[in-house]
Amino acid sequence: RTDVVRVASTTPPQSRDRRISESAMSPVRSPARIPSPESLTPPPSATDVERKIKDAVCRRWQQMQKSFRNIDSGNKGVVNFEQLRVILWKHDIELSPNELLSLWRKHSSEEKGGIEYKDFMRHFVLNLKSQDSNSLARPKLQNTRIPTSPGVRSDRFIELMATIRASVRRDWKEMRRAFRGLDKSGCGTCSLLEFREMMRKFKIELSEEEFFHLFSFYDKNMTGKISYNDFLRAHLE
């Protein structure tokens with residue numbers, strides 16, 4: 001019996017027990033993996049994510065444009081998934097992995113090999129309605145009595161609209177009231193000079209070049225008039 005006991009006591013523990021013991025003793029853990037675009041499903045609505053970050057993108061428009069150009073060493077106009085994540089993070093736009101993935105899936109192109117960042121940035125000014133647009137647009141801004149047709153949306157125009165967006169959204173009700181005070185005929189338009197004076201009144205300083213791009217868009221037919229409601233509405237959508 002003593003021989004049996006001696007043999008049993010020298011028998012090594014089972015491999016399963018050894019693995020448990022070793023893992024418990026080891027202080028080292030594998031680093032967390034950064035999720036790839038294909039590993040996270042299902043993502044939230046891309047439109048909801050865009051609404052969430054629209055104001056931040058517009059506030060940091062020029063800085064973000066510069067960051068995109070700097071990271072695009074090949075001057076291809078395209079960034080990959082990781083570069084997009086880094087730039088958003090750099091400009092304090094925090095998104096969850098699923099939210100970032102949602103943006104990527106909507107705006108990326110396999111043919112281009114990523115996201116064309118110029119189109120990505122333009123999207124936030126041209127194509128996206130704010131989540132709170134209903135409350136901002138109440139009462140509704142009336143259409144001008146004189147038919148208007150917008151001009152060319154140049155890159156400079158898009159950048160300018162993003163730059164002044166916060167100021168217009170802050171004071172739009174007072175601006176509308178002031179424009180109406182100038183519009184004695186009630187046609188919904190004002191002159192070039194009146195428009196410029198109104199911008200100055202509300203501390204929106206425009207250079208000659210900026211004013212040219214802005215007025216060229218809203219007065220494509222060179223009538224000397226601009227629909228102030230169209231201008232305000234563009235910043236409330």
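On a 1 Å grid over the protein atoms alone, a cavity is a set of points where a 1.4 Å probe fits but cannot get out, and its lining residues have an atom within 4 Å of a point. Grid points are joined across faces, edges and corners, and a volume is the space filled by probe spheres set on the points.

The model you are looking at is predicted: local features need pLDDT of at least 70, side-chain atom pairs count only at pLDDT 80 or more, and totals for chains, interfaces and linings use all residues. Numbering runs from 1 along each chain as its sequence is written, and side-chain values use heavy atoms, without hydrogens and water.

Let us start inside. The whole structure holds 1 cavity of 30 Å³ or more, with about 50 Å³ of space. Its lining consists of Lys54, Cys58, Phe124, Val125, Met161, Arg165, Ala234 and His235. At least two of these residues come from each of helices H3 (46-59), H7 (117-126), H9 (155-182) and H12 (228-236); helices (H or I, at least four residues) and strands (E, at least two) are DSSP runs, numbered from the N terminus.

Now turn to the open sheet, where 3 strands run antiparallel in the order E1-E3-E2. Strands pair if DSSP finds at least two bridges between them. E1 (78-79) and E2 (108-109) are the edge strands, each pairing on one side only. Between E1 and E3 (residues 114-116) there are 2 bridges, and Val78 has Glu116 as its bridge partner in E3.

Finally, find Cys187 in the loop between H9 and strand E4 (189-191). Why does Cys187 count as buried? Its relative accessibility is 16%, and buried means under 20% relative accessible area (1.4 Å probe, protein chains only). The C-alpha atoms of Cys187 and Ser227 are 8.7 Å apart, with 40 residues separating them along the chain.

Methods: On a 1 Å grid over the protein atoms alone, a cavity is a set of points where a 1.4 Å probe fits but cannot get out, and a pocket is an open set with protein on both sides within 12 Å along at least five of seven lines; lining residues have an atom within 4 Å of a point. Buried means under 20% relative accessible area, exposed over 50%, partly exposed in between (1.4 Å probe, protein chains only).
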